[in-house]
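Biologist: Please take a close look at one surface part of this model for me, and then lead me on from there to whatever else is worth a visit. I would like the cut-offs behind your terms as you go.

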Amino acid sequence: MNAYFSELGGMVYERWKKVDFAPEAFPDIATAALDERPPADRINLPELVREFLLEDAQPAQSTSGFGQPELIVYDIPRFYIQVLFWMDGTTDIHQHGFSGAFHVLEGSSLHSLFEFEDSQSITSHFRIGNLSLKATHLLEAGDTRPIVSGPHCIHSLFHLDTPSVSVVIRTHSDPACGPQFTYLPPHLAVDPLQNDGLTLRRKQLLDLLEQTGDPEYPDIVIAMIRELDFERGFFILQNCIGHLQNLGLWDEAWETFARKHGPLAEALPPTFEEIIRRDRIAGMRGMIGDPDHRFFLALMLNVENRKPFLEMVGQRYGGAPVDKILQWAEELMHITEGGTWLIDAEFPDELGIDQNDQPSIFMDALRYFLNHTNLPANISSSDLEVLRNTFACSSWNALIASDSPSSSASGIA
Ligand SMILES: [Fe+2]
């Protein structure tokens, strides 16, 4: 067992015992301990790894799939300490069923905090409401943040370096705080631990029908949507949206759901759009190792407005943030037989522009939208408006939206 973590755990235990293990005191105690004796200053990671691999006297390990991997380095009945490695992990937006604190041991992460308001329970495991981003900031090695169980601490982490390593001091569980909801912005909270085996098996069976090209698939899905309650209907739609869109049957499936559930259903279309956008960006992140590009994608995924976006680029790299963003855009441009892509914006076919010319026109338009100067002479104002809409319907919207003083549409009319 690692001597540093034994000492750290012992210190936390003694302090918590003095306040009779009051649950509300634990986040502050854990945070203070990690700040006073920061693992980032005291742990030699290669030595810790070697010790864990060669020394049998370790705390009992969990079989959880959390972390890549998770090492438990201290464990007593009241709480435990884990070291979490992350290779490409992006956490979902989540709240916690436990409390404590986390500390960045190595690497860096983009940390976002959220609030969920106007919450309405559909079932005990499924809520509708309005999720809003409250703050995003960069966490570097040595930073510590408290974890408070329940809905007052909703967050996500996007790990920027490979690996990123964090230390968590945490209770085993805080049973009074309810489900450990995962949030699907902008409107849903779902319980990832709900044990609905029947829905899981049904989704797997639908996947089988999809893979085998079963002609009954659309009729069965629509019959299910017609029959199922709101919660389970959502999960079936979420599972099937990609294939239904490919089959050209999404509208029919969606209208079936919307007719059945009325105004309550209005929360779902923006949520589906955001699920697809996030999956696409997270999928790209999984294929990209360059830390600068990962940082850029993390901002694209998590930052909703131009000002904080540019501030965070400037904070990390100095210089002119827009120039750095344009450099990344060019480096990440993706050209396939089907089209030209800047992250999740596809060059619009409707402009009828030869694919060889698309990359330079795409970049010229983006440069114009980001800098608000130098109207590109080679692009007509009507084409520019189409390109603006293309960017506005993608993750670029955070950077070209109207929170900047000179980005009004009149500039290109
Ligand atoms: Fe968390």
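Modeller: Happy to! Let us begin at Val-49, which is found in helix H4 (residues 45-54); helices (H or I, at least four residues) and strands (E, at least two) are DSSP runs, numbered from the N terminus. This is a predicted model, in which local features need pLDDT of at least 70 and side-chain atom pairs count only at pLDDT 80 or more, while totals for chains, interfaces and linings use all residues. Residues are numbered from 1 along each chain as its sequence is written, and side-chain values use heavy atoms, with hydrogens and water left out.

With a relative accessible area of 31%, Val-49 is partly exposed (buried is under 20%, exposed over 50% and partly exposed in between, with a 1.4 Å probe and protein chains only). Together with Leu-53 and Leu-54, Val-49 makes a nonpolar surface patch of about 310 Å². Patch members have over 30% relative accessible area and no salt bridge; nonpolar side chains (Val, Leu, Ile, Met, Phe, Trp, Tyr) are joined within 5 Å, and like charges within 9 Å. A salt bridge here is a Lys or Arg side-chain nitrogen within 4 Å of an Asp or Glu carboxyl oxygen, and the areas are Shrake-Rupley values with a 1.4 Å probe, where for residues only the protein chains shown count as cover.

From the surface, let us turn to the metal. Three histidine nitrogens coordinate the iron ion at 2.1 Å: NE2 of His-94, NE2 of His-96 and NE2 of His-155. Donors are N, O and S atoms within 2.8 Å of the metal (3.2 Å for Na, K and Ca), and with water not among the atoms, a site may look incomplete. Along the sequence, these donor residues follow the spacing H-x1-H-x58-H. His-96 belongs to strand E3 (residues 93-96) and His-155 to strand E8 (residues 150-159), so this pair ties together parts that are 59 residues apart in sequence. His-96 is buried at a relative accessible area of 3%, and His-155 is buried at 2%.

The strand around the first two donors repays a look of its own. His-94 and His-96 point one way from E3, Ile-93 and Gln-95 point the other way, and all are buried. E3 is joined to E8 by 2 bridges in the antiparallel sense, with His-94 standing opposite His-155. Strand E10 (residues 182-184) also runs antiparallel to E3, again through 2 bridges, and there His-94 stands opposite Thr-182. Two strands count as paired if DSSP finds at least two bridges between them.

The loops that follow E8 and E10 each hold a cis peptide bond. Thr-162 and Pro-163 are joined by one with omega of about -10°, and Pro-163 is found in the loop between E8 and strand E9 (164-171). The other joins Pro-185 and Pro-186, with omega of about 5°; Pro-186 is found in the loop between E10 and strand E11 (188-190).

For another backbone detail, go to the loop between helix H1 (3-18) and helix H2 (26-36), where Asp-20 is found. Phi of Asp-20 is near 55°, a positive value in a residue other than glycine. Phe-21, in the loop between H1 and H2 too, has a positive phi of about 55° and is likewise not a glycine. Asp-20 counts as exposed at 69% relative accessibility, whereas Phe-21 counts as buried at 17%.

A contact between distant parts of the chain comes next. Arg-145 is found in strand E7 (residues 144-147) and is partly exposed at 28% relative accessibility. Its C-alpha atom is separated by 9.3 Å from that of Ala-30, although the two residues are 115 apart along the chain.

Further along, 3 strands form an open antiparallel sheet in the order E12-E13-E14. Strand E12 (334-335) and strand E14 (345-346) stand at the edges with a single partner strand each, so one side of each is left without a neighbour in the sheet. E12 is joined to strand E13 (residues 340-342) by 2 bridges, and the bridge partner of His-334 in E13 is Trp-341.

Finally, the overall layout: the domain assignment gives domain 1 (3-190), domain 2 (197-269) and domain 3 (303-412), with bounds that come from an automatic or database assignment. The centres of domain 2 and domain 3, taken over C-alpha atoms, are separated by 35 Å.
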